[in-house]
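Biologist: I would like to go through this model and ask how its descriptions are justified. Please set each value against its definition.

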Amino acid sequence: MAQTDLAQTRRATVTAPNDLESYWLPFTPNRSFKRSPRLIVRAKDMHYYSADNRALIDGTAGLWCTNAGHNRDPIVEAIKRAAETLDYSPAFQFAHPVAFELAGRVAALAPGDLNRVFFCNSGSEAVDTALKIALAYHNVRGEGSRTRLIGRERGYHGVGFGGISVGGIVNNRKFFGSLLAGVDHLPATYSREHQAFTKGEPQWGAHFADELERLVTLHDAATIAAVIVEPMAGSTGVLPAPQGYLQRLRAICDRHGILLIFDEVITGFGRLGYAFAAERYGVVPDLITFAKGITSGSVPMGGVIARDGIYQAFMRGPEHVIELFHGYTYSAHPLACAAGLATLDLYRDENLFARAKTLEPRFADAAMTLRGLPGVLDIRTVGLAVGIDLASRAGAPGLRAYQVMERAFQEEGVMVRAAGDTIALSPPLIVSEAQIDEIFDKVGRAIKAVA
Ligand SMILES: Cc1ncc(COP(=O)(O)O)c(C=O)c1O
């Protein structure tokens, strides 16, 4: 067979699989997916293309990650060049120059004195890394009794044992045994009664931070290592932090020597109009986790940014001894680093974080046009993100949002995300005003169609 025939045969196989059985899809109802697959075969800028060659406008930036849009030429070129130059170099005991360059660029975007960057490959690894750094930090400073971790109800911190332990989404926890010991949770910050149909940070709810004082009283600060929260809880359905909430958490942590971790896996790299949400709120956490937007989703990468003092606390003892016994084979992988640099260049050159901020009011107005549609219980917006709560069908929670997502994909040509009975939207930051309107028109039609 000629080379081109081979390539064509392969492409045909890739675009139209005839056996869907072997692949066990993550976080997906496998049986209904395999009955009616939603296959994506390519993407460009704001659009996906399905296996039957329909264009779908991307309302979700993939999974909150393709903030610069899809298959952007500079990122593609950078990955190609990196693959040709250095496929891999060992992450332990050796390093490659691009890793240092990227770390410097990430540090420059971070607030305050967060200037030390540890790389990994996903948001879940970033969370585990941050929790381990927090525990080890207290340990090396002689405060080894600080072992307790505090998360939040409805929080999502990925799927590692650390992340599901501090996370607060019941289905992500209840099947997996006893999880990490010594974890407690703050309450979620959402109340439909007090916050429904709010644009931006709700005025009501800062007092939820005071629950941390209660946990300190219960456990004693000397046992608590860190608090981890998402500045905007994303995966649970877009819950923006109430006004003043994060500032209060910071003050309580300071009072008691507790580290504050912002999980910015979703909010990092422009989603809320800033490089990091910490900047939007004027709060400097001790550790920031990131992933997703760092490479605009093109190559897996995650990481943790630490305040200088945290890094310095480890830099003691004999110099030939490893200071932090942690890392991944693919930490700072050359392809990811190249993609990261090209992505940060795009964010800078196209001013995409500021663009998200400028578009925020327009996005919020467009989202609120869905108010009053059948079954819409609440709409929450912040930055370029929105959660639309739908009334659950009797005895079948999650079904209505799933049907909206399917309808949106199959009939309307828009990609949305269903989380429980919430539809979440978070388009790439390159979205135009006309495309914002298009997305909400299509979502509105899908909501009405399945009503
Ligand atoms: C806040 C937050 N943390 C962690 C994660 C986990 O990231 P990953 O799926 O890359 O492991 C996510 C994923 O959505 C997230 O939203």
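Modeller: Strand β14 (residues 385–390) is joined to β13 by six bridges, and the two run antiparallel. In this pair, Arg-380 stands opposite Gly-387 in β14. The model is a predicted one, in which local features need pLDDT of at least 70 and side-chain atom pairs count only at pLDDT 80 or more, while totals for chains, interfaces and linings use all residues. Residues are numbered from 1 along each chain as its sequence is written, and side-chain values use heavy atoms, with hydrogens and water left out.

Biologist: Why are β13 and β14 called paired strands?

Modeller: A strand is a DSSP run of E of at least two residues, a helix one of H or I of at least four, both numbered from the N terminus. Two strands pair if DSSP finds at least two bridges between them. Six bridges join β13 and β14, so they pair.

Biologist: What makes β13 and β16 edge strands?

Modeller: The open sheet has the order β13-β14-β17-β16, with antiparallel pairing. β13 (376–382) and β16 (417–419) each have a single partner strand, so one side of each has no neighbour in the sheet. Direction ignored, neighbouring strands of this sheet are turned by 20° against each other on average.

Biologist: How do you know that β3 and β15 pair?

Modeller: Two bridges join β3 (residues 55–58) to β15, so the requirement is met. These strands run parallel, and Ile-57 stands opposite Val-414 in β15. They belong to an open sheet of four strands with mixed pairing, in the order β1-β2-β3-β15. Its edges are β1 (40–44) and β15 (414–415), each left without a neighbour on one side because it has a single partner strand.

Biologist: Which strands does helix α15 lie across, and at what angle to β13?

Modeller: Helix α15 (residues 352–368) lies across β13, β14 and β17 (422–425), at about 175° to β13. Angles run from 0 to 180 degrees between N-to-C directions, with axes fitted to C-alpha atoms, for helices over the stretch in contact (heavy atoms within 4.5 Å). A value of about 175° is therefore close to the upper end of that scale. Helix α17 also lies across β13, β14 and β17, running at about 10° to β14.

Biologist: What makes the approach of Ser-124 to the ligand a polar contact?

Modeller: A polar contact is a pair of N or O atoms within 3.5 Å; within protein, one must be able to donate a hydrogen and the other to accept it, and residues adjacent in sequence count only if both atoms are side-chain atoms. A polar side-chain atom of Ser-124 lies 2.6 Å from an oxygen atom of the ligand, so the distance is within the limit. A backbone N or O atom of Gly-123 lies 2.8 Å from a ligand oxygen, and a side-chain N or O atom of Lys-292 lies 3.0 Å from one.

Biologist: What is unusual enough about Leu-179 to be listed?

Modeller: Leu-179 has a positive phi of about 60° although it is not a glycine. Leu-179 lies in the loop between α8 (170–173) and β6 (183–186).
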